[in-house]
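Here is a walk through one protein model. Keep the structure in view and turn it as you read.

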Amino acid sequence: MNAEREATPEAVVCSGLNYAFGETKAVDGLDLSVSAGECFGLLGPNGAGKTTAIRCVTTLLPVPPGMVTVFGHDPAKEKMAVRRLLGYVPQQLSADGGLTGRENVSLFARVFDVSRRERAARVTQALEAVDLTDAADRLAKTYSGGMVRRLELAQALVSAPRLLMLDEPTIGLDPIARTSVWEHINAVRKATGMTVLVTTHYMDEADQYCDRVALMHKGTIRALGTPEQLRTELRERRADGSAPTLEDVFRDVAGSGLDEGGDFRDVRSTRRTASRVG
Ligand SMILES: Nc1ncnc2c1ncn2[C@@H]1O[C@H](COP(=O)(O)OP(=O)(O)OP(=O)(O)O)[C@@H](O)[C@H]1O
């Protein structure tokens, strides 16, 4: 049993990951390791490179061999093996308002190659897991923003992923809907041991729900640890009796970078999300 656990590879490893859009180095030598079963938060201002890094891990952006592994599989060599392990909720709307909740989840089940025999049961389970059973046969365009987000979660969960990747899953939602999304994620984690890699601008969420967090700034990691470790380190460094928040930690690490238009509650993301959740 112990030997088995020791043999479990890290869920995600990025080793000197680089990705550039023309002259823009979006990800610049990123080293990152996410353990199996943990909830890992990738934080940072707009433009830090979080989405690009996540897309490299999901195989949506091509990277050379040796820079990324997902449970030991290299996306450059084993794209389909990696995809079978993943669930991904992108920032952009991934549900179709003209389909019912059930039809949306069924579509993902087909795309992610859930076997025909298991499909109906898995769709029902995924909808149940996010509390959408009662609304399953209504058109998604009648859903609230929080329900749409939970539907997208069901779409990502239907293939029973070992690694769930969520890009800003709660931005733009009211506090009750945000809590609800996290409660559903955590219930599935508890039941399945699924690993979660999430980007968020909400420091309070990262503090509350993530086992470890990394601050990404200008394409690379500037701080890494449990929220508690990072807060304690800053408190000890400041030694002025104040009790820093996680946001203070990240302002300290990223310095003026956060004020150069990269604020955590950047208008750009909010607008993007407003259009996403309709
Ligand atoms: N398709 C693209 N073409 C050109 N440049 C891009 C593209 N996507 C991202 N970039 C640039 O790469 C850098 C990193 O962007 P990325 O979206 O990965 O950051 P992010 O941390 O996810 O920010 P946000 O919170 O705004 O999503 C930015 O400078 C961005 O402008």
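**From the ligand outward**

This is a predicted model. Start at the ligand, which has twelve residues around it. The closest are Phe21, Ala26, Asn46, Thr51 and Thr52. Two elements give two or more residues each to this shell: strand S2 (24–34) and helix H2 (50–58). H2 supplies the largest share, three residues. What classes of residue make up the shell? Three are nonpolar, eight are polar and one is charged.

Now step back to the whole protein. It has eleven helices and nine strands. There are 278 residues, and 43% of them count as buried. Take the contacts in the protein with a separation of 6 or more: residues 24 or more positions apart account for 69% of them. UniProt, in an unreviewed entry, lists residues 12–243 as "domain: ABC transporter". That span is 39% helix and 24% strand. Its end C-alpha atoms lie 32 Å apart.

Next come the sheets. Strands of a sheet pair through backbone hydrogen bonds, either parallel or antiparallel. Look for the three-stranded sheet. It is open, with the order S2-S1-S4, and its pairing is antiparallel. S2 and strand S4 (68–70) stand at the edges. Each has a single partner strand, so one side of each is left without a neighbour in the sheet. Neighbouring strands here are turned by 25 degrees against each other on average, direction ignored.

Follow strand S1 (residues 12–21) along S2. Eight bridges join the two in the antiparallel sense. Val12 of the chain stands opposite Val34 in S2. H2, already met at the ligand, lies across S1, S2 and S4. The helix runs at about 115 degrees to S1.

Just past this helix sits Thr59, in the loop between H2 and S4. Most residues other than glycine have a negative phi. Thr59 has a positive phi of about 80 degrees, although it is not a glycine. Is Thr59 buried or exposed? Thr59 counts as buried, because it has 20 C-beta neighbours inside 10 Å.

Turn to the other sheet. Six strands form it, in the order S5-S6-S7-S3-S8-S9. This sheet is open too, and its pairing is mixed. Which strands stand at its edges? They are S5 and strand S9 (220–225). Each has a single partner strand, so one side of each lacks a neighbour in the sheet. From one strand to the next, the twist averages 15 degrees.

Two of the pairings deserve a look. Strand S3 (residues 39–43) and strand S8 (residues 212–217) run parallel and are joined by four bridges. Phe40 stands opposite Arg212 in S8. Helix H6 (residues 145–157) packs on the sheet and touches S5 and S6. The direction of H6 makes about 160 degrees with that of S5.

S5 (residues 86–89) is also joined by four bridges to strand S6 (residues 163–167), and these two run parallel. Gly87 stands opposite Leu164 in S6. In a regular strand the side chains alternate between the two faces of the sheet. See how this looks in S5. Leu86 and Tyr88 point one way, while Gly87 and Val89 point the other way. All four are buried.

Go back now to the loop between S2 and S3, where Glu38 has its place. Glu38 has 16 C-beta neighbours inside 10 Å, so it counts as partly exposed. Which residues does Glu38 touch, leaving aside its neighbours within four places in sequence? Glu38 is in contact with Thr195, Asp211 and Arg212. The C-alpha atom of Glu38 is separated by 8.9 Å from that of Arg189, although the two residues are 151 residues apart along the chain.

The last stop is helix H4 (residues 101–111). Its buried residues are Gly101, Arg102, Asn104, Val105, Ser106, Phe108 and Ala109. Their cover includes helix H5 (116–129) and H6. Asp113 follows in the loop between H4 and H5. Asp113 is another residue other than glycine with a positive phi, near 65 degrees. Asp113 counts as exposed, because 12 other C-beta atoms lie within 10 Å.

Key. Residues are numbered from 1 along each chain as its sequence is written. This is a predicted model: local features need pLDDT of at least 70, side-chain atom pairs count only at pLDDT 80 or more; totals for chains, interfaces and linings use all residues. A residue is near a molecule or strand if its C-beta atom, placed from the backbone, lies within 6 Å of it. Ala, Val, Leu, Ile, Met, Phe, Trp, Tyr, Cys and Pro count as nonpolar, Asp, Glu, Lys and Arg as charged, and the others, Gly among them, as polar. UniProt positions are given in the numbering used here, feature names are shortened, and annotations may be inferred rather than shown by experiment. Two strands pair if DSSP finds at least two bridges between them. Axes are lines fitted to C-alpha atoms, for helices over the stretch in contact, and angles run from 0 to 180 degrees between N-to-C directions. Two residues are in contact if their C-beta atoms, placed from the backbone, lie within 7 Å.
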